[in-house]
Structure formats: structure tokens, C-alpha cells
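Q: Please take a close look at one part of this model: the packing of its interior. I would like a connected account.

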Amino acid sequence: MTMSNTAGRRRPPTIHDVARVAGVSRGTVSRVLNGGHHVSPAAQEAVNAAIRKTGYVVNRHARSLITGRSDSIGFLLTEPQEKLFEDPNFNVLLRGCTQALAAHDIPLLLMLAGTEDERRRITRYITAGHVDGVLLVSSHSGDPVAEELREAGVPLVQCGKPMGLGSKVSYVAADDRDGARDMVRHLLSLGRRRIGVVTGPLDTPGGVERLAGYKEVLSEAGVEVDERLVVTGDYSRASGAAGAERLLERAPDMDAVFVASDLMAQGVLTALRRAGRRVPEDVSVGGFDDSPAATESAPALTTIRQPWDRISGEMVRVLLAQIGGDDPAAVILPTVLVRRDST
């Protein structure tokens with residue numbers, strides 16, 4: 001006789017099992033699962049204890065039919081796909097947001113939209129209600145995604161200060177300008193006066209704010225801002241190397257470089273090495289981010305630490321509050337100068 005494969009298989013616990021173990025009604029269990037409204041603390045604790053004891057797992061599909069929510073969050077990166085794998089900051093932020101949402105038992109969906117067609121498809125998917133809110137990363141000015149999602153009423157939190165939307169969109173950002181000021185002050189304190197800069201893209205808030213901080217400190221110190229010492233990069237390693245080569249051509253007497261990302265700073269170090277310049281003896285180099293690229297560099301980079309754990313945690317907190325009905329909010333977090341061997 002052949003026995004069925006299902007013979008003896010344990011039936012998964014149901015909401016009725018939770019109610020029986022907790023000694024409450026099925027309706028009380030349902031209210032606890034959907035936010036705990038109109039449930040006494042004692043009943044809520046009894047239900048949570050029963051869930052742990054029975055091993056009950058929420059049927060998210062069934063609950064979404066009742067609540068009208070998907071019980072998931074989108075992590076939207078509006079950059080070319082290769083940036084996710086090249087730039088370590090994106091992975092650090094993605095991991096932090098995933099962990100912060102896991103504490104609420106909410107899954108995170110990674111969405112990549114680096115082209116106009118991809119952005120249109122992703123926007124349609126989001127506005128159709130497949131996620132409850134969006135964590136938006138790396139939006140350039142002129143990128144319509146944030147405005148389209150806002151107009152559609154989708155809860156949204158952006159990483160970095162939005163350009164052009166002001167208080168209409170929630171955001172969490174490191175203090176880019178103040179971080180740049182700290183780095184340039186540090187380079188000046190070493191006696192450096194011909195300080196070049198490789199900026200980020202100037203259609204992004206980080207690119208604009210870090211360049212502004214660089215110029216402000218030089219002006220305050222009475223050092224002329226020489227536009228020959230300013231070149232623009234795109235946060236890639238290759239653009240850092242190309243930027244350093246242009247700086248050396250324009251200003252061979254350059255004695256320091258402030259680079260708007262650690263990944264670009266790796267490229268700067270490579271270009272300086274090829275040109276026979278010693279770091280830090282001939283040229284001091286300062287980065288920004290304190291990403292893994294900073295400690296992997298040779299020499300290790302002096303840099304500005306962005307508090308990625310706090311940024312990801314605050315993005316999740318602000319988004320969940322907005323989903324719950326709160327107004328848009330802005331959070332700006334301080335940065336820290338980290339001294340290593342490149343200065």
C-alpha cells in the first residue's frame with residue numbers, strides 16, 4: 001500500500017488556533033493583526049503570546065484583501081543598474097532599510113529604474129498599489145519619479161534632500177555641506193592651500209551641497225576659489241581618475257584634493273600614483289561617505305562619515321509614519337570627520 005505524501009503532515013496553525021490558545025474571539029485576534037485598534041493591552045499580549053506559541057504566520061494576501069494594503073515597501077533606485085553593484089553606499093543603505101523593516105515584519109522590494117522606460121513601468125506598478133510606500137534613492141533633478149509618486153498620493157521618503165520639491169516630499173539626508181566644510185578645514189589645517197575638488201553630479205543635492213561647503217570654507221579662510229581646481233565627477237571610480245588627471249593638467253601645484261565620494265577618491269589615488277605624486281606627502285586626499293572603499297584604499301582614506309545606519313532607520317521610520325497618516329517630514333543628520341592615512 002502506498003501512503004499519501006500528506007499523511008501525518010502537521011496542519012499549519014490558523015487564526016482560530018490563536019484565538020483558542022489566547023482565550024479571545026477570532027475578531028480580537030484579527031484586530032491585533034491589523035494594528036491593535038480597540039484591543040486592551042492584556043488581550044493584545046495574550047494574542048501575541050499565542051502567536052508565538054502556535055507558530056502562526058500571517059497570510060499577507062488575505063490580510064491585504066481586507067486592509068487594502070500590500071504590506072510591502074519598495075526600495076527604488078533611479079540609477080543605471082551597474083551603480084548598484086559598483087557603489088558600496090547603495091548596498092549599505094539597502095541592507096539597513098531591509099533590517100529596519102524586518103523589525104516590523106515588512107518585506108522590501110528592490111526596484112531598479114535607470115532608464116525612462118523602466119521609470120514609466122515602475123511608476124505604473126507602484127501607483128497600482130503593489131507597495132504601500134517607497135524609499136527613493138539617488139534622484140537627480142529633472143527626474144519625474146518623485147513628483148509623479150507624490151501627485152499619485154504614494155507615501156514617499158527620499159534619501160538626500162530633494163531638488164525642486166522642497167517640503168512636499170519627505171527626506172532623510174546627511175549634512176552634506178557641513179561635512180564638506182569639515183574636510184576642507186582639515187586640509188587647510190595641514191597647511192594645504194592649493195586644494196582641488198572633484199564634485200559629485202551637480203544635478204544632485206550631494207553634488208551641489210558638497211561643492212558649496214568647499215567654496216565657503218576657502219572663502220572664509222581668505223583662499224581664492226580657483227575654478228581651475230574644480231572638476232565634476234559622477235561618483236564613479238573612473239570619473240575620479242579622470243578628474244584628478246584634469247586637475248593635474250590645470251594646476252600642477254595642487255597639494256590637496258577633496259573628493260565628493262570615496263569611490264571617486266579611489267580613482268583619484270590611482271591617477272596620482274600614475275603621475276608620480278605621493279599621498280599624503282605631495283598631495284593630501286579626502287573623501288566622503290566612509291564606505292568600505294575608504295578602508296580598502298591604499299593609503300586608507302581620510303573621509304567624512306555618513307551615518308548610514310541612522311539614515312536607513314530614519315527613512316523607514318518616516319515612511320511608516322507617513323503611511324500611518326503623518327505629514328511629510330525632513331531629517332538632516334550630522335556627519336563626522338574620520339582621519340586616516342591619506343592626509
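**Interior packing**

A: About 16,400 Å² of the chain is exposed, and carbon and sulfur atoms supply 50% of this area (Shrake-Rupley method, 1.4 Å probe; for residues, only the protein chains shown count as cover). The model is predicted, so local features need pLDDT of at least 70 and side-chain atom pairs pLDDT 80 or more, while totals for chains, interfaces and linings use all residues. Residues are numbered from 1 along each chain as its sequence is written, and side-chain values use heavy atoms, without hydrogens and water.

Of the 343 residues in the chain, 51% are buried (under 20% relative accessible area; exposed is over 50%, partly exposed in between; 1.4 Å probe, protein chains only). The chain has 14 helices and 12 strands (DSSP runs numbered from the N terminus: H or I, at least four residues; E, at least two). Among contacts (heavy atoms within 4.5 Å) with a separation of 6 or more, 70% are between residues 24 or more positions apart.

The largest nonpolar core has 42 residues (buried Ala, Val, Leu, Ile, Met, Phe, Trp, Tyr and Cys joined through side-chain atoms within 4.5 Å). Val184, Ile195, Val198, Tyr214, Phe258, Val259 and Val285 touch the most other members. Two or more residues of this core come from each of the helices and strands α9 (176–189), β6 (195–199), α10 (205–220), β7 (230–232), α11 (237–250), β8 (256–259) and α12 (262–274). Helix α12 gives the largest share, 6 residues. A second core of 28 residues is separate, and it includes Leu77, Phe90, Val316 and Leu333.

Val285, named above for its many touches within the core, is also a contact of Leu301. Leu301 sits in the loop between α13 (292–296) and β10 (303–305). Its relative accessible area is 0%, so Leu301 counts as buried. Apart from neighbours within four places in sequence, the other contacts of Leu301 are Asp262, Ala265, Leu269, Ala293, Ala294, Val338, Arg340 and Ser342. Phe288 is 13 residues away from Leu301 along the chain, with 9.1 Å between their C-alpha atoms.

The loop that holds Leu301 also holds Pro299, which is joined to Ala298 by a cis peptide bond with omega of about 0°. Another cis peptide bond links Val279 to Pro280, with omega of about 10°. Pro280 is placed in the loop between α12 and β9 (284–286). After β9, the loop leading to α13 contains Asp289. Asp289 has a positive phi near 130° although it is not glycine, and it is buried, at 3% relative accessible area. Tyr235, in the loop between β7 and α11, is another non-glycine residue with a positive phi, about 75°. Tyr235 counts as buried because its relative accessibility is 18%.

Elsewhere in the chain, Leu94 belongs to helix α6 (residues 88–102). Leu94 has a relative accessible area of 17% and so is buried. Beyond residues up to four places away in sequence, Leu94 touches Phe75, Leu108 and Leu110. Leu108 follows at a distance of 14 residues in sequence, and its C-alpha lies 9.0 Å from that of Leu94.

Ser170 belongs to strand β5 (residues 170–174) and is buried, with 1% relative accessible area. Outside four places in sequence, Ser170 contacts residues including Leu156, Val157 and Gln158, as well as Val318 and Gln322.
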